[in-house]
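Please open the model in a viewer and keep the sequence panel visible. The tour proceeds by selections, each followed by a description of what is found there.

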Amino acid sequence: MTGAAASVNGQSIKRALPLGLPFALVLLAVPWMVSPYQAYLLSTGLTYAIAGLGFNLLLGYTGLLSFGHAAYFGMGAYAVAFLVKYFHWSSMEVFLAAGVLAAAVTSALFGFICVRYTRIFFSILALALAQVLWSLALKFYWATGGSDGLRVPTPVLLGGMFAATEDKMDFLGGPYYYFVLVAFFVAVAVMWVIVNSPFGKALQAIRDNETRAEFVGVRVRRYRWIAFVVSGAFTGLAGALWVPANGLMTPDYLYWTFSGKIVFFAVLGGFRTFAGPILGAIVYNYLEYYAVASTVYWQFVVGAVLMFLVLAMPTGIVGAVGRLGLAFRRAD
Amino acid sequence: MSLLETKRLRKFFGDLHAVDDVDFLVQEGEVLALIGSNGAGKTTLVNVISGLLRSDGGQILFRGADVTRQPVHDRIRAGIARSFQIVNLFDHLTCFDNVSLSIFSREGKTSRLMSLANGDRAVRDEALEVLNQFGLESKRNILAGLLSQGERKLLDVAVAYALRPRLLFLDEPTSGVSTREKAPIMDIVSAVVRRERITAVIIEHDMDVVFGYSDRIVAMHQGAILAQGTPAEIRKNQQVSMTLIGAPSFD
């Protein structure tokens, strides 16, 4: 517990590199080793991981559990879908900028309300606001296509250097995979700096002891709000990256069950570590894919995993592996 | 001009007059002890002055400016800092981070998102210096939550001290530790306070500590100031000794 908690704070580049570098190299090599479909599947996990990173800035580092992060993922995705529908844009770079912007604006607005509260009140308010967006997306079918959704065709990367080929999967498992991977690397690096910045330390101080944070001069509510906006922007980036690969945006991705999925990423991987939500998102994506493929009762499988986690591995995969590693070192 | 002045400061909890029209003065450079039995209103007075509680009436003047309605972070900027009777730390941060956060905050650097906290040389050196002054340098990488009670009390003071306040309130810096640990803690704290010439207000129960470490003493009883004076004067004051220890003399 304490070991895992320490790694939230005391991370140095020296410690992070030996773990992160091999992982990064494997990710770079993936399209050469597996089928395009498998690479595409992993890229979905990586986009989820960006959402998990954003989400965990609030849960792991600021101590705020948001049950409404589908709102920012969805806004990122809808921003892309609207650009396609109304402006016939196809540039992926524009999509990302628009997705981040839309999510940041939404989270600035929602966060302004939510950070007035903490604990369960914060969680429920975040959930309620996201549900408002979901119901709007269903009702305004003339704009959003209602439950039929909006189609998002394959985009053009880097101003036309890469575009969809005959076989869409070749594109998604190739150039698009690398595009997602670069975005993922940038997101990880930026978030890593943020949580290790003076601002990040102030957030962790707020998480640990709100009163004392105030008494060292931290403007608690304002910092929570900034964290909320940054968190929303990351989640929006994930939404914008994900939607062209999925090809369709529906209100389902604003619904609270998708917010629950993002919570699941963090709990599965371990929200007390930086890497936890990344790993959790990737593993969850595979878990859901194979559960759906193998049984109609896939939600039962996912639920059972969640129960097992809470009971047996409360610190998530990263926490449990960390403890195992510690036990081995002691045994030597 | 006095550093801090309260005018008819008041805090009521229902019918309980915890702080009852108190005129309280702190002069620049002095170490003042605030004494009184449990429930006398010492901590409430400090809570109102530091901004943890809102006053129900009266005024707080700090360096001549009215801070009565100011939020906590503005009072911190003005130079009022405090430690806590029940230790208030960032338990999942290291000792080093606990102290360096105060320094970042004082220098207005906590809003920096895109620079590494460990990369700031000046802050790092100062934080280590502060930990050193409080005898905690060897614990710098230990999580605050894992320290012993005595170390936690010291770190609590160090976090407040690292803000380099003009006025430092120390709410029972030795409460909750064993008798054997009290003197070493007070020695460290008072050494820092004296060396750096900090104006300090210490709330304390232990009369040895009070008489040994303060320039002036203010005694409170039932929300009001009972007496004030030098340690020698208070030691002779029968009203104070009767109220506090129920005996006609402290000796």
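Select residues 1–10 of chain A. In this predicted model, pLDDT stays under 50 over that stretch, for which there are 29 contacts beyond four places in sequence. Where pLDDT is low, the predicted coordinates should not be read in detail. For chain A as a whole, the mean pLDDT is 88, and 95% of its residues reach 70 or more.

**Chain A: two helices**

Next, select residues 70–87 of chain A, which form helix α4(A). This helix has 18 residues, and the distance from its first C-alpha to its last is 25 Å, close to the 26 Å expected at 1.5 Å a residue. Is α4(A) largely enclosed or not enclosed by the rest of the structure? Of its 18 residues, 13 are buried, so α4(A) is largely enclosed by the rest of the structure. Move on to His88(A), which follows α4(A) and has a positive phi near 55°.

Keep α4(A) displayed and add residues 119–139 of chain A, helix α6(A). The axes of the two helices come within 9 Å and cross at roughly 35°. To see the contact, show Ala70(A), Ala71(A) and Gly74(A) on α4(A), together with Leu129(A), Ala130(A) and Leu133(A) on α6(A). By class, the residues of this contact are five nonpolar, one polar and no charged.

**Where the chains meet**

Now display both chains. The contact between them draws on 33 residues of chain B and 27 residues of chain A. On the chain B side, α2 (72–78) and α3 (95–106) each supply at least two residues. Which helix gives the most to the side of chain B that touches chain A? It is α3(B), with six residues. That side of chain B comprises 15 nonpolar, 11 polar and seven charged residues.

Select α3(B) by itself. The helix has 12 residues and reaches 17 Å from its first C-alpha to its last, close to the 16 Å expected at 1.5 Å a residue. Of these 12 residues, 12 are buried, so α3(B) is largely enclosed by the rest of the structure. The buried residues include Cys95(B), Phe96(B), Asp97(B) and Arg106(B). Just after the helix, Gly108(B) takes a positive phi of about 65°.

**Chain B: the four-stranded sheet**

Colour the strands of chain B and locate the open sheet with the order β2-β1-β4-β5, in which the pairing is antiparallel. At its edges stand β2 (16–26) and β5 (65–66), each with a single partner strand, so one side of each is left without a neighbour in the sheet. Zoom in on β1 (residues 4–13), which is joined to β2(B) by seven bridges, the two strands running antiparallel. Here Leu4(B) stands opposite Val26(B) in β2(B). Add helix α1 (residues 42–50) of chain B, which packs on the sheet and touches β1, β2 and β4 (57–62). The direction of α1(B) makes about 65° with that of β2(B).

**Chain B: the six-stranded sheet**

The next selection is another open sheet of chain B, with six strands in the order β6-β7-β8-β3-β9-β10 and mixed pairing. Which strands stand at its edges? They are β6 (80–82) and β10, each with a single partner strand, so one side of each is left without a neighbour in the sheet. Neighbouring strands of this sheet are turned by 20° against each other on average, direction ignored.

Begin at β6(B), which three bridges join to β7 (residues 167–171) of chain B in a parallel arrangement. Ala81(B) stands opposite Leu168(B) in β7(B). Proceed to β3(B) and β9(B), which run parallel and are joined by four bridges. Ala33(B) faces Ile217(B) of β9(B) across this pairing.

Finish with β9 (residues 216–221) and β10 (residues 224–229) of chain B, which run antiparallel and are joined by five bridges. Val218(B) stands opposite Gln228(B) in β10(B), and the bridge partner of Ala219(B) is Ala227(B). The hairpin has two residues between its strands, and Gln222(B) takes a positive phi near 45°. As a last selection, add helix α9 (residues 238–245) of chain B, which packs on the sheet and touches β3 (31–35), β9 and β10. The direction of α9(B) makes about 130° with that of β10(B).

Methods:
Residues are numbered from 1 along each chain as its sequence is written. Chains are lettered from A and ligands numbered from 1 in the order in which they are written. This is a predicted model: local features need pLDDT of at least 70, side-chain atom pairs count only at pLDDT 80 or more; totals for chains, interfaces and linings use all residues. Two residues are in contact if their C-beta atoms, placed from the backbone, lie within 7 Å. Ala, Val, Leu, Ile, Met, Phe, Trp, Tyr, Cys and Pro count as nonpolar, Asp, Glu, Lys and Arg as charged, and the others, Gly among them, as polar. The expected span of a helix is 1.5 Å times one less than its number of residues. A residue is buried if 20 or more other C-beta atoms lie within 10 Å of its own, exposed if 12 or fewer, and partly exposed in between; C-beta atoms are placed from the backbone. Two strands pair if DSSP finds at least two bridges between them. Axes are lines fitted to C-alpha atoms, for helices over the stretch in contact, and angles run from 0 to 180 degrees between N-to-C directions. pLDDT is the predictor's confidence in each residue, from 0 to 100.
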